[in-house]
Amino acid sequence: MRRVLAALAGLLAAAVALGVAELVAGLIGRASSPVVAVGDAAITLTPEWAKDFAIRNFGENDKIVLVGGVFVVIALLALAIGLVSLRSRLAGVLGLVVFGAVGVLAAVTRPVNGLLDGLPSVVGPLVGAVALLFLIAPLVAPRTPAPATPGAPGAAAPEAPRKHADETVMEQLREVLASGDRKGFALDRRRFFLTSGVAVGAAVVTGGGGRLLQRRFSVAGDRADLALPTPSSAAPALPAGADLSTSTPGLTPLFTKNSDFYRVDTAITVPQLSPSSYELTLRGMFDSPRTYSLQDLFERDDVIERDITLTCVSNEVGGTLASTARWIGVPLKNILEENGIQSGSDQLVCRSSDGMTIGTPTESALNVPDAMLAFGMNGEPLLVEHGFPVRMLVPGLYGYVSACKWLTEIEASTYDAFDVYWTARDWATDAPIKVFSRVDTPAPLGRFPAGRVAIAGVAWAQTRGIASVEVQVDGGAFTPAQLSPEVNSDLWRQWVLPYDFAPGQHSITVRATDGDGTTQTTDRARPKPNGATGLHTIQVITT
Ligand SMILES: Nc1nc2c(c(=O)[nH]1)N[C@H]1C(S)=C(S)[C@@H](COP(=O)(O)O)O[C@H]1N2
Ligand SMILES: [Mo]
């Protein structure tokens, strides 16, 4: 029993430590929270195979799983600290100190953090240590002697009853620190549970209060107040019947709702950049580099609006890491040229406020039509998760080499001079999007009545466009599908093929050909290093 309670004491002490740390983080900034900092550090230190595994198995929940993992590790260590404290309180306190040290180390080494960000990991464990001592004390209270039989020989004189009520906190603390680890302690359950109650309360109040305080760093309000400029070059009108999903249930809509837009990044806490103090700095190989405020960008007369599909290199065959939006922004070429970009630069090192570096080929930034610094997404400012207030977009390149979110700096540089985040992790330095197609409906492994059913999905090959999509059922001939009208070559196209299914089991395979005449290869390749290949095949059963 004593051991169970001791383990619980460790857990509660850790909860108090984390709660207090969140409270301090509420005063300093979200990225100083030890859980966030440790999770962030874990992302940076995680080997690529594990990261691939996480993206593959947890997809966009990878960060939830990661933070959950951090909590599980903390909980296990806390249980151990509690148990150890039963034998040596000093060891227990030292355990918490180590805990804090890891937090401090993680917090101060984050690229955008400073020394102050270590504070939550100092204060939290300190208060946690005090909580631990108070929680362990009732488990090792000096034994009150059994009432002596009056007059019996050798009976000890009864000790004065202990009066917890009027003991001051300092007295208790001194007592707790002073008491050695002698055998034969009593278990003061009542006092333990009272202290536990206080600890739970403290953890909830400080943790909850901290999270509330951290909300003041949110820029959701500023974002809502922001009015986007009217583009001088609006997106061309959509052709009639542009979106086939209105008549084909289960088909991906032509434009993705902002809230459904796929998300891939390494940020555990989404960077919160205030639009009023936002600055985009240009540096490196420019003749006259300058800095732009958001206002500077909004007030320009070259604001464009374009429909572009964005894709992730980590997308597997059949995967859903691609989405489409109508973007508003400023042509990247104009910004680069008005600052006198030098011809020797072959890589733009794009930096985000959270220290991410994305390397974009200077060539593409200058020459791909509609490459832009985007600030609008489907008629709204960018969602905070998608890079508010400014991100980069270069049609035809996977997001990890073109789409830096929370963009604060563009350094004109070279591939020789600098290895960005993903290239340092062995992804290709330059990665044009491969032609790709996916079956959306019927659902894989679905069962439905035999007869005529629409097979449908999407296909993309940004900058080259999709020329044709063909569908093969049960190993037969590839049959051309109907395509949605081409909006532009940077947008995916929906495809539909009505098919008469006989009862039984069927396999459906799709392949696309891009505007250059390249057809998807049947060779299966993993996403690493420059994008998956292979045809999407699904199985269905008709009855
Ligand atoms: N700052 C920052 N920008 C980033 C990333 C990131 O981790 N951090 N991930 C990139 C990757 S891999 C992709 S695919 C796109 C995804 O953009 P989205 O989340 O808006 O869909 O953002 C890119 N920009
Ligand atoms: Mo990506």
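**Around ligand 1 and across a salt bridge**

Let's start at the ligand: 20 residues surround ligand 1, and Y262, H386, R391, A403 and K405 come nearest. Keep in mind as you look around that this is a predicted model. By character, the shell around ligand 1 consists of 11 nonpolar, 4 polar and 5 charged residues.

Now turn to the polar atoms of the ligand. K405, one of the nearest residues, places a polar side-chain atom 2.5 Å from an oxygen atom of ligand 1. A403 is also among the nearest, but here the backbone takes part: one of its N or O atoms lies 3.0 Å from a nitrogen atom of the ligand. With S352 we return to side chains, where an N or O atom is 3.1 Å from a nitrogen atom of ligand 1. How much of the accessible area of ligand 1 does the protein cover? On its own, ligand 1 has 530 Å² of accessible area, and the protein covers 99% of that. The space that ligand 1 takes up is the largest cavity.

From the ligand, let's move on to contacts within the protein itself. The structure holds 20 salt bridges, and one worth finding in your viewer joins the side chains of E380 and R223, with an N to O distance of 2.7 Å. What does this pair tie together? E380 belongs to strand β10, which spans residues 380-381, while R223 sits in helix α9, residues 220-225, so their salt bridge links parts that are 157 residues apart in sequence.

Key. Residues are numbered from 1 along each chain as its sequence is written. Chains are lettered from A and ligands numbered from 1 in the order in which they are written. This is a predicted model: local features need pLDDT of at least 70, side-chain atom pairs count only at pLDDT 80 or more; totals for chains, interfaces and linings use all residues. Side-chain values use heavy atoms; hydrogens and water are left out. A residue is near a molecule or strand if one of its heavy atoms lies within 4 Å of it. A polar contact is a pair of N or O atoms within 3.5 Å; within protein, one must be able to donate a hydrogen and the other to accept it, and residues adjacent in sequence count only if both atoms are side-chain atoms. Accessible areas come from the Shrake-Rupley method with a 1.4 Å probe; for residues, only the protein chains shown count as cover. On a 1 Å grid over the protein atoms alone, a cavity is a set of points where a 1.4 Å probe fits but cannot get out, and a pocket is an open set with protein on both sides within 12 Å along at least five of seven lines; lining residues have an atom within 4 Å of a point. A molecule sits in a cavity or pocket if more than half of its atoms lie within 2 Å of its grid points. Ala, Val, Leu, Ile, Met, Phe, Trp, Tyr, Cys and Pro count as nonpolar, Asp, Glu, Lys and Arg as charged, and the others, Gly among them, as polar. A salt bridge is a side-chain nitrogen of Lys or Arg within 4 Å of a carboxyl oxygen of Asp or Glu. Helices (H or I, at least four residues) and strands (E, at least two) are DSSP runs, numbered from the N terminus.
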